[in-house]
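Colleague: I should like to go through this chain with you before planning any bench work. Please show me the sequence and the structure, and then let us take the points in turn.

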Amino acid sequence: MGFLKEFKDFAMKGNLVDIAVGFVMGAAFNKVVASFTGGIVSPLIGLLFNADFKDVKYVIKEGTVNDAGETVGEVSVLWGEFLTNVIDFVIVAFVMFLIVKGVNRMKKKEEPAPEPPKGPSQEELLAEIRDLLKK
């Protein structure tokens, strides 16, 4: 039973629960950013290429079209999709930076530890004890 209790204590720590909530919120936020990038940013950038930006690619080897109308055997670099994902990452990273910065600003600043009381040093006390013992 010790192992289960230890695991429960670990799982219920505030930091772990906070991380789990942050992970779920981050996944949901990532979907919002992906839809923003795919629905707004990519089409605007795609105007430059006269195509959907996410579909822009560099074809290394042409493929053939089969009876179903699908391209088979094509080798290409999907740089438009990669760049879209990089834009998604930059947006998410920037917003997470702003959130962490805001949370850190809202945290109560730790007060510096009070200075020890001013008084005689250890050497002065020892000298005083020595003088008292001489009397």
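Colleague: How many helices and strands does the chain have, and what pattern do they follow along the sequence?

Modeller: This is a predicted model, in which local features need pLDDT of at least 70 and side-chain atom pairs count only at pLDDT 80 or more, while totals for chains, interfaces and linings use all residues. Residues are numbered from 1 along each chain as its sequence is written, and side-chain values use heavy atoms, with hydrogens and water left out. Helices (H or I, at least four residues) and strands (E, at least two) are DSSP runs numbered from the N terminus. The chain has four helices and four strands, and read along the sequence they give the pattern α-α-β-β-β-β-α-α.

Colleague: Is the chain compact or spread out, and what is its radius of gyration?

Modeller: The globule rule (2.2 Å times the number of residues to the power 0.38) gives 14 Å for 135 residues. The radius of gyration, taken over C-alpha atoms, is well over that value, so the chain is more spread out than a compact globule. Along its principal axes the C-alpha trace spans about 115 × 50 × 30 Å. The radius of gyration is 32 Å.

Colleague: What percentage of the residues in the chain is buried?

Modeller: Buried means under 20% relative accessible area, exposed over 50%, and partly exposed in between (1.4 Å probe, protein chains only). The chain exposes about 12000 Å² by the Shrake-Rupley method with a 1.4 Å probe, and carbon and sulfur atoms supply 66% of that area. Of the 135 residues, the buried ones make up 8%.

Colleague: Is T84 buried or exposed, and which residues does T84 contact beyond its neighbours within four places in sequence?

Modeller: T84 is placed in helix α3, residues 79–106. Because its relative accessible area is 1%, T84 counts as buried. With contact meaning heavy atoms within 4.5 Å, and with neighbours within four places in sequence left aside, the partners of T84 are T37, S42, F53 and K54.

Colleague: Is T64 buried or exposed, and how far apart are the C-alpha atoms of T64 and L133?

Modeller: T64 belongs to strand β2, residues 64–65, and its relative accessibility of 54% makes T64 exposed. Leaving aside neighbours within four places in sequence, T64 touches E70, T71 and V72. T64 and L133 are 69 residues apart along the chain, and their C-alpha atoms are separated by 105 Å.

Colleague: Where does P112 lie, and what is its relative accessible area?

Modeller: P112 sits in the loop between α3 and α4 (122–134). From V90, 22 residues away in sequence, P112 is 37 Å apart in space, C-alpha to C-alpha. P112 is exposed, with a relative accessible area of 74%.

Colleague: How many salt bridges does the structure hold, and which side chains meet at 2.7 Å, N to O?

Modeller: A salt bridge is a side-chain nitrogen of Lys or Arg within 4 Å of a carboxyl oxygen of Asp or Glu, and the structure holds two. One of them joins E74, in the loop between β3 (71–72) and β4 (75–77), to K57, in the loop between α2 (14–49) and β1 (58–61), so this pair ties together parts 17 residues apart in sequence. D131 and R130 form a salt bridge at 3.4 Å, N to O. The side chains that meet at 2.7 Å, N to O, are those of E74 and K57.
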